Amino acid sequence: MALYSQVLLDVPAGLQAEPLEITPDTVGGPARGYRVRLQSLRGGVSDGVDLIHVDNGTLAFTVIPTRGMGVWKARRGDLAIGWESPVRGPVHPRHVPLGEPGGLGWLDGFDELLVRCGLQSNGASEIDPVSRQWLPMHGRIANLPASHVTVTVDGATGEIAVTGVVAEVRFFFVNLRLTSTIRTRVGQPGFTVHDEIENLATAPAPMQLLYHINFGAPLLGEGARLHVPALRVAPRDAASARRIDGWDRYPAPTAGLPEEVFFLTLAADAGHRTRALLCDAAGRRGVSLGYDVRQLPWFTLWKNPAPLADGYVTGLEPGTNFPNARSFERGEGRVVMLPGGGRAVFDLELTAHVTADEVSAAGRAVAQLAAGRVPEVLRTPQPGWSAV
Amino acid sequence: MALYSQVLLDVPAGLQAEPLEITPDTVGGPARGYRVRLQSLRGGVSDGVDLIHVDNGTLAFTVIPTRGMGVWKARRGDLAIGWESPVRGPVHPRHVPLGEPGGLGWLDGFDELLVRCGLQSNGASEIDPVSRQWLPMHGRIANLPASHVTVTVDGATGEIAVTGVVAEVRFFFVNLRLTSTIRTRVGQPGFTVHDEIENLATAPAPMQLLYHINFGAPLLGEGARLHVPALRVAPRDAASARRIDGWDRYPAPTAGLPEEVFFLTLAADAGHRTRALLCDAAGRRGVSLGYDVRQLPWFTLWKNPAPLADGYVTGLEPGTNFPNARSFERGEGRVVMLPGGGRAVFDLELTAHVTADEVSAAGRAVAQLAAGRVPEVLRTPQPGWSAV
Amino acid sequence: MALYSQVLLDVPAGLQAEPLEITPDTVGGPARGYRVRLQSLRGGVSDGVDLIHVDNGTLAFTVIPTRGMGVWKARRGDLAIGWESPVRGPVHPRHVPLGEPGGLGWLDGFDELLVRCGLQSNGASEIDPVSRQWLPMHGRIANLPASHVTVTVDGATGEIAVTGVVAEVRFFFVNLRLTSTIRTRVGQPGFTVHDEIENLATAPAPMQLLYHINFGAPLLGEGARLHVPALRVAPRDAASARRIDGWDRYPAPTAGLPEEVFFLTLAADAGHRTRALLCDAAGRRGVSLGYDVRQLPWFTLWKNPAPLADGYVTGLEPGTNFPNARSFERGEGRVVMLPGGGRAVFDLELTAHVTADEVSAAGRAVAQLAAGRVPEVLRTPQPGWSAV
């Protein structure tokens, strides 16, 4: 009775909802204090972008169906979660030139908290040596609009779910379908992402997925720290190798520091779950990611300690692979081959921490996974990991 | 008095009609049982696509002004005419990356019954060796929106015509204008396409046009057959050569079969008209194409006997040329040079058959054109026809 | 009290005005006889383009916020100012394939009176040898939509100003912001352009800006003449060198004449202002440009004496550089390096002349700048100026 479901978009059925707001009054039931709002942006490079704002009373976040079901920004109380990119989006895919020679067009739309890189490929761009197809940097999924979007609210439990379907299709080449459900519940300090990727073709298809999850100030700052149960850590390149000693700590925004990238493997618990915690210098605020290392066995850490105006940001990036060109990753066995009709499932959770106690608890959870192991820190780029 | 005309789109005049429906009540006059409907799609990769649905009481079809006046799908009673592409469109041109390196972007929008390939070029992509201009695969016309669209209905005769104007223009390089009229009449089992292509430039301009007309199930199926008054048949490549013996028959959808392409010339009657008939195994349903071999002297047959999910489809493709790169076709004399201010006219008809009698009659018409000639079947790719 | 200000677009605030009209009745105050109108185009390649029509009672012109604050056309009485391009726009940026291999896509949207070429680069396309970034022909600014637009009218003085903000941003590569104010006053025969370009990044950034200001018939015609206080004139290439003697005169529209390009430096007054006058053969109609040679030290003259249907047009192009590939210009010191947080300012005025007296006065102003100097006319392409 109090299970409310609203289709926001159904392209084949010719249905697109007008901007609307869903509240406890819309839904009925005992759950209180939440709000879901559909907004359509107009003008500039955002023209035509739809946003779904979800506020569960504790955590608020914004889903972008027009950009492959990415998550734009989140907020818990006065803690902004996400980052300030010089790109002021969200940017409609039509203003993101993925096919541009040189392969850097993806960067024109890069301003989100959570961006998927995939599905056919991610990492560096290339002409695929087998299919002769252009594989743009970080793939196409973040610049493909959903064709079907639903919001469901359970008025009894206060559970809110946004589900979107995004097709990455090219006749003869690829037919992958992402069905993403982003879920939260009244009062929860986080949300979960449940992604199903289906190969709708009859032949096996290569698939790659990397969650590019990005954080800036105020969480990030001088002395901010990453806690992960690392097994191995290696720099991607020579520049990163020079800063390997501080791989899990962050400097203040600094002009002239180059980006750094580290490749990691992480320990997990008996249920294959691992956790990463990013916290500020004072240990009073933080954010945790949780996921399954069978689904996402490789972890990339991106640090861009640039001045605030240039995008001071770190990316925590669990993936099916490292973000090298797909042909390199294929050679190293880091491309998923989905059988015809097959599917892969990915589950991720993000939790915001706003007290020292919450951060401590999250830190203990990571320490428990590490179980006292000292990570093996490799001081040079590893041949099978780094393409450079 | 009963001649009704409605401008649906006139960009310079700032006029775009809202979704509307035209019926005998709108038009007046004795003709009954038809309906024309303008629809605007929203969301996903179809956002902003306009569709014109024409139903003459016997045959229904959908024109896409936003995609160069292509015809999306048709239906006669329970016979669906067209195909099920893995691409779920119609796709707005802004989501079709024609400029993508490698030249395969056109495939992102490929799901129509009738797609024009042209006007400046069609076939394989290349950088034109003379002009240094990028010529994307199958050209730009199917991904250019009409700038002027009119619907006319004659309430006395029941004739319905949709006319659209599409400009393929690049300063310094090309200024071709397509004016396409798609016409039917109450009760007719088909429609005609009348295309005029004008070179609005003062200098002569190369022009190519190929009608990529695509059929899948249920018409296509194991034992389906193509009847054409072939003079010569040659495979495009080695893979097609291996299957030359069954060039006019179709297998069931089959995993692992590669696409096949055959190049043909067809006989015509004294009025230069020829016909092609595709019919199902039982000979109970079919579709005929009719056209003028002076306008469209070359016929390409594309067979993609893939599983249904991957796009089980055949393309019957009358053209001014074979779909090789334009530079190759130019060398073989298969590029039309339109003088400055000159024009070319193309006339095509499509008829659906839904009884054994209709199919038989259509088959006899083809046989009459063949006049007992046995086609010359060449077993290897022909140097002047195949670029591979 | 009679200072009226209306935000037409503010993307972050979710504000886009509906089509509207601003008249003296809207504004109040003594100024009379003007009108400002916001129009949104629908359909074809113009779908989604906003236009701001400004009419000060003497001069009318149209600003295109969707195309980087270019000026589409102007008119003084029955004198049309601008040109008739074979491209029938204005064309929405999504239909302009800047990333197309070969780099000619910009030409698909080229039909304006005033187009900015920049901001990161202009001139011939290239992959930048330092950053490895694609630099499309004439840059991106004309195909980027404004994100903030305001119209201000002073009801007392009759001053009308349109201000737009356009961001040219790519994470890691560029963060330039154009704030352009196009201003006129009731009764004035012209308008001014005041552009501020800010480097919002912390590191120095290369910047180039060229105003591609284009005129066709009826101003342009056989015997039309350019009056500029030229110091030096040189042809860009061999074809232009052959026509160096007539560099400041125009032939009638003629089939088969190639485009010509001349590179110039101009004299200025003590305040560094210079002027260029284009007038018709009879000396009865003309248009003047005024600008500061410290801001725009190089002047490119483009002549395309083609038949009317092909775009009979001349471009007067004051710039920070000549429109060669940026790497060439950098080697010659013609790239502005904006410090982090730095800005550059550009001021331009355009005035229409509709009587012999007005043209004479404008001609005298140019002659005064020339001060009797005979320009140094170089008969061959100059190594440091021409990349060809």
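## Working through a predicted three-chain model

Leaving aside neighbours within four places in sequence, R37(C) is in contact with L20(C), E21(C), L51(C), I52(C) and H53(C). Keep in mind throughout that this is a predicted model. Let's start with that arginine.

### Exercise 1: Getting to know R37(C)

Find the strand that holds R37(C), and decide whether R37(C) is buried, partly exposed or exposed.

**Solution.**

- Step 1. Look along chain C for strand β4, which covers residues 35-40; R37(C) lies in it.
- Step 2. Now check the relative accessible area of R37(C), which is 28%. Buried means under 20% and exposed means over 50%, so R37(C) counts as partly exposed.
- Step 3. Next, pick out the partners of R37(C) beyond four places in sequence: among them are L20(C) and E21(C), along with L51(C), I52(C) and H53(C).
- Step 4. Finally, try a distance. N56(C) sits 19 residues away from R37(C) along the chain, and their C-alpha atoms are 12 Å apart.

### Exercise 2: Sizing up chain A

Work out whether chain A is as compact as a globular protein of its length.

**Solution.**

- Step 1. Begin with the make-up of the chain: 5 helices and 26 strands.
- Step 2. Then compare two numbers. Chain A has a radius of gyration of 20 Å, and the globule rule gives 21 Å for 388 residues; the two are close, so chain A is as compact as a globular protein of that length.
- Step 3. For the overall extent, the C-alpha trace spans about 60 × 55 × 45 Å along its principal axes.
- Step 4. Turn to the inside: 59% of the 388 residues in chain A count as buried.
- Step 5. Last, look at who touches whom. Taking the contacts in chain A with a separation of 6 or more, 66% join residues 24 or more positions apart.

### Exercise 3: Where chain A meets chain B

Describe the interface of chain A and chain B, from its area down to one salt bridge.

**Solution.**

- Step 1. Count the residues: 26 from chain A are in contact with 30 from chain B.
- Step 2. Get the area. The two chains bury about 2200 Å² between them, with 61% of it on carbon and sulfur atoms.
- Step 3. See who contributes. On the chain A side, R170(A), F171(A) and F172(A) lose the most area to chain B, and together they make up 30% of what that side buries.
- Step 4. Zoom in on one of those three. R170(A) forms a salt bridge with E100(B), and their closest N and O atoms are 2.7 Å apart.
- Step 5. Put that pair in context: the interface of chain A and chain B has 4 salt bridges, plus 6 residue pairs in polar contact. The side of chain A that touches chain B divides into 14 nonpolar, 7 polar and 5 charged residues.

### Exercise 4: Where chain B meets chain C

Now do the chain B and chain C interface, and name the three residues of chain B that supply the most buried area.

**Solution.**

- Step 1. Here 25 residues of chain B are in contact with 30 residues of chain C.
- Step 2. About 2200 Å² is buried between chain B and chain C, 61% of it on carbon and sulfur atoms.
- Step 3. The three to name are R170(B), F171(B) and F172(B), which supply 30% of the area that chain B buries against chain C, more than any other three residues.
- Step 4. R170(B) also pairs up with E100(C) in a salt bridge, with 2.7 Å between the closest N and O atoms.
- Step 5. Chain B and chain C have 4 salt bridges between them. On the side of chain B that touches chain C, you'll find 13 nonpolar, 7 polar and 5 charged residues.

### Exercise 5: Spotting unusual backbone

Find a cis peptide bond in chain A and a positive phi in each of chains A and C.

**Solution.**

- Step 1. Know what to look for: most residues other than glycine have a negative phi, and most peptide bonds are trans.
- Step 2. The bond from A217(A) to P218(A) is cis, with omega near 5°. P218(A) is in the loop between β16 (205-215) and β17 (225-227) of chain A.
- Step 3. H272(A) isn't a glycine, yet has a positive phi of about 70°. Its loop runs between β19 (260-266) and β20 (273-279) of chain A, and H272(A) is partly exposed at 31% relative accessible area.
- Step 4. In chain C, H138(C) has a positive phi of about 65°, again without being a glycine. H138(C) is buried, with a relative accessible area of 9%.

Methods. Residues numbered from 1 in each chain as written. Chains lettered and ligands numbered in written order. Predicted model: local features only at pLDDT ≥ 70, side-chain atom pairs only at ≥ 80, totals over all residues. Heavy atoms only, no water. Contact = heavy atoms within 4.5 Å. Buried area = accessible area lost by both parts, 1.4 Å probe. Salt bridge = Lys/Arg side-chain N within 4 Å of Asp/Glu carboxyl O. Nonpolar A, V, L, I, M, F, W, Y, C, P; charged D, E, K, R; others polar. Helix = DSSP H or I, 4+ residues; strand = E, 2+ residues; numbered from the N terminus. Rg over C-alpha atoms; globule rule 2.2 N^0.38 Å. Buried < 20%, exposed > 50% of the residue type's maximum accessible area, 1.4 Å probe, protein only. Polar contact = N/O pair within 3.5 Å; in protein donor to acceptor, adjacent residues only side chain to side chain.
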